Amino acid sequence: MAEVTANGLAQHTLHGAQAHDPAAIGTAPAEVYQEHPIKLYLVVWAWLFILSACSYLVDYVGLQGYLRWSLILIFMMLKAGLIVAVFMHMAWERLALTYAIILPPILVLVFVAMMVFESDYTLLTRTVFFGAEP
Amino acid sequence: MADTTLTHTGQAQPRPAGLQGVAADWSSDQRAFKNVSWGKAMMWIFLLSDTFIFGCFLLSYMTARMSTRVPWPNPSEVFALHIGGSNIPLILIAIMTFVLISSSGTMAMAVNFGYRHDRRKTAILMLLTAALGATFVGMQAFEWTKLITEGVRPWGNPWGAAQFGSSFFMITGFHGTHVTFGVIFLIIVARKVWRGDYDTGRPGFFTSRRGRYEHVEIMGLYWHFVDLVWVFIFAFFYLW
C-alpha cells in the first residue's frame, strides 16, 4: 500500500473555476481533488472480489464455531476498510474529517455490549417462565 | 520572551442584527474541514447518520435473534437456490454481492475520470454503475418473491423464529430502497455529466448551485456507502 500512496497522492488545484464568482471568494475553497492511477481501483476491486469469495466459501465449506466467526469478521472488516479508505478516499483526507466520521460508529459497540446483556437477560427470563424449548 | 505581535485586521465588520444575524453568526467563516468542501462534508455527515440507522437495524436484529428461545432459520438453507439438481447455499446472495462490488468499482473509476474532465467515460461508467445497481434491486425483488411464496411473513415463517421475517424485510428492504434512490440519482448526475453541466458550471435545477465535477465524487460517496452497508448485512444476516 505504501508504494501506491507514494505515487498515487497528487493533489490538483483548479483556481480558474472561482475567478469570476465574487460570492465564492473566501468561502469556497479552490477545487481540490486527488488523482490516483486507475490501476489502484482495479487492484482494490480484485481484492474485494477475493475477500467476498473467501467469506462465501466460509459458509459453503461449512466452517462452524469461533473459526467461522473470526474469519467472517476479519473478511468483513478488510472489505469495509478497503471501500472506505480507497474508494471513498478516506485514506487521503485530513485526520480531522477521518476522526469525525470513523470514531462515532465505533461507539456503537458500546450499544452492542448493552444489548448483548439485555438479550441474555430476556432469554433467561423466557427460559425460566416458558421452559427451554417451545 | 519573544515579542507578541498583534495582528490588526483593520476595522471590525458590522454584524447584521436579528434573524439574519443568527444565520450570519452560525455560518461565519468557521471551517473544521479545511480542504473539504461543505458539500462533501455534509454527505459524510449524512452517511454517518445513516450508519446509525443501519447500525440500529442490525442491533435490533441481533437482540431479537439472541433473545428468542425458538431456533433461528438457517440462512444457508433458506437462501439456497435449486440449480441443476442440487441446492447451492446462498448462491443468489453471493452473485448480488459481486454485482454490488462491481458497481462500486465502476463508480470509483467514474469519479476518477470525472476529475480528468473526461465526460464520455464518466457518463458511461456512471450509467454502468446504475445498471449494476438496478440488477441488484431486480435480484432482490426475485429473492423477496421467492421467500414470500414460500410463506415468509413479517409475523412468521415455516422454519423457526417469527422475528426472522420482520428483520429480513426491514433490513434488506431499507437497503434496497437506498440502492433504488442511488440508481435514480446516478442517472440524474450521469445526464448532467453527459450534457457538460460540470464543464460550464451550469446551475442545478433544484439548488441553483454551480455544477462542479465534485458532484460526481459526492454521488460516489453515497454509492460506496450503499455497498459498505451490504458488506455488513452480508456478514451479519446471511453468514451468521
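Which residues of chain A does UniProt list for "transmembrane region"? I looked it up: the unreviewed entry gives 38-58, 70-90 and 96-117. UniProt positions here follow the numbering used in this entry, feature names are shortened, and annotations may be inferred rather than shown by experiment.

Note to self: this is a predicted model, where local features need pLDDT of at least 70, side-chain atom pairs count only at pLDDT 80 or more, and totals for chains, interfaces and linings use all residues. Residues are numbered from 1 along each chain as its sequence is written, while chains are lettered from A and ligands numbered from 1 in the order written.

I checked two of the spans. Residues 96-117 of chain A are 100% helix and 0% strand, with end C-alpha atoms 34 Å apart. For 70-90 of chain A I got 86% helix, 0% strand and 25 Å between the end C-alpha atoms. (Helices are DSSP runs of H or I, at least four residues; strands are runs of E, at least two.)

Next, the largest nonpolar core (buried Ala, Val, Leu, Ile, Met, Phe, Trp, Tyr and Cys joined through C-beta atoms within 7 Å; buried means 20 or more other C-beta atoms within 10 Å, exposed 12 or fewer, partly exposed in between, with C-beta atoms placed from the backbone). It has 69 residues, and Ala110(B), Met126(B), Leu186(B), Val229(B) and Phe234(B) touch the most other members. Helix 8 of chain B gives the largest share, 17 residues.

I then followed Phe174(B), in helix 6 of chain B. Phe174(B) counts as partly exposed because it has 15 C-beta neighbours inside 10 Å. Its C-alpha sits 9.8 Å from that of Ile53(B), 121 residues away along the chain.
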